[in-house]
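Work through the exercises below with the model open. Each task is followed by its solution.

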Amino acid sequence: MEQKKKTNVQEMTLIAVMAAVTCILGPLSVPIGVVPISLTNFAVYLAIYVLGCKRGTVSYIVYLLIGLVGVPVFSGFSGGVGKLFGPTGGYLIGFIFMALICGWCIDTFQCKLVPSFIGMVLGTIVCYAFGTAWLAFQASMSFSAALAAGVLPFIPGDLAKIVIAAVIGPQIRRRLAQAGLIK
């Protein structure tokens, strides 16, 4: 019983740490239009590598809840419910599905480079779809205009984040496992 309790405390601590990492990286952004370049997706990729699908997704949801209560952890040091209902709210929701898709691929294929890369790309595409649809609705834009504003400028940077996460994520996971912090 005590071992199970220790594991739960350890898991909660790791989830909190990765939520904190997202809170640190998420606000760092470069405004390039309606949708800023942010490090939130990079933090989610790392959380998935460190924690796996379920716990990594929970860590993002914790981050999302922290931001929704008004703590300025979203891009540009913003927060609050208004951010969720603003032009970039669809991306914030899309990150949940991105985490689930990326996490499933990374867990299922045991951090193998190509399947993990494909999973992160697919997850990012799903996030783009949610974000673009919401941006088009919220800003009264056509879908193609929202795609041009909210996706196309971000593809090179997001691919770079995916490559970096695919390279360092397994190394971080391996070292944390060696230290006995994760299984």
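**Exercise 1.** Classify Phe137 as buried or exposed.

Solution. The model is predicted. Take the relative accessible area of Phe137: 58%. The cut-off for exposed is over 50%. Therefore Phe137 is exposed.

**Exercise 2.** Classify the ring pair of Trp134 and Phe137, then place both residues.

Solution. A search of the whole structure gives six aromatic pairs. One of them is edge-to-face: the ring centres of Tyr63 and Phe74 lie 5.6 Å apart, with the planes at 80°. Now turn to Trp134 and Phe137. Their ring centres are 5.2 Å apart and their planes meet at 40°, so this pair is tilted. Both residues sit in helix H5, three residues apart, which means about one helical turn separates them. Trp134 has 25% relative accessibility and counts as partly exposed.

**Exercise 3.** Which parts does the pair of Tyr63 and Phe74 tie together?

Solution. Start from the total of six aromatic pairs. Tyr63 belongs to helix H2 (residues 40-68). Phe74 belongs to the loop between H2 and helix H3 (81-85). The pair therefore ties together parts eleven residues apart in sequence. Check burial next: Tyr63 and Phe74 are both buried. Finally, extend the network: ring pairs join Tyr60, Tyr63, Phe74 and Phe95 into a cluster.

**Exercise 4.** Locate Ile118 and find which residues make a nonpolar surface patch with it.

Solution. Ile118 is in helix H5 (residues 113-138). Its relative accessible area is 44%, so Ile118 is partly exposed. The patch is made by Leu113, Val114, Ile118, Leu122 and Ile125. Its area is about 460 Å².

Key: Residues are numbered from 1 along each chain as its sequence is written. This is a predicted model: local features need pLDDT of at least 70, side-chain atom pairs count only at pLDDT 80 or more; totals for chains, interfaces and linings use all residues. Side-chain values use heavy atoms; hydrogens and water are left out. Patches are made of residues with over 30% relative accessible area and no salt bridge: like charges are joined within 9 Å, nonpolar side chains (Val, Leu, Ile, Met, Phe, Trp, Tyr) within 5 Å. Accessible areas come from the Shrake-Rupley method with a 1.4 Å probe; for residues, only the protein chains shown count as cover. A salt bridge is a side-chain nitrogen of Lys or Arg within 4 Å of a carboxyl oxygen of Asp or Glu. Helices (H or I, at least four residues) and strands (E, at least two) are DSSP runs, numbered from the N terminus. Buried means under 20% relative accessible area, exposed over 50%, partly exposed in between (1.4 Å probe, protein chains only). Rings of Phe, Tyr and Trp (its six-membered ring) pair if their centres lie within 6.5 Å; planes under 30 degrees apart count as stacked, over 60 as edge-to-face and the rest as tilted.
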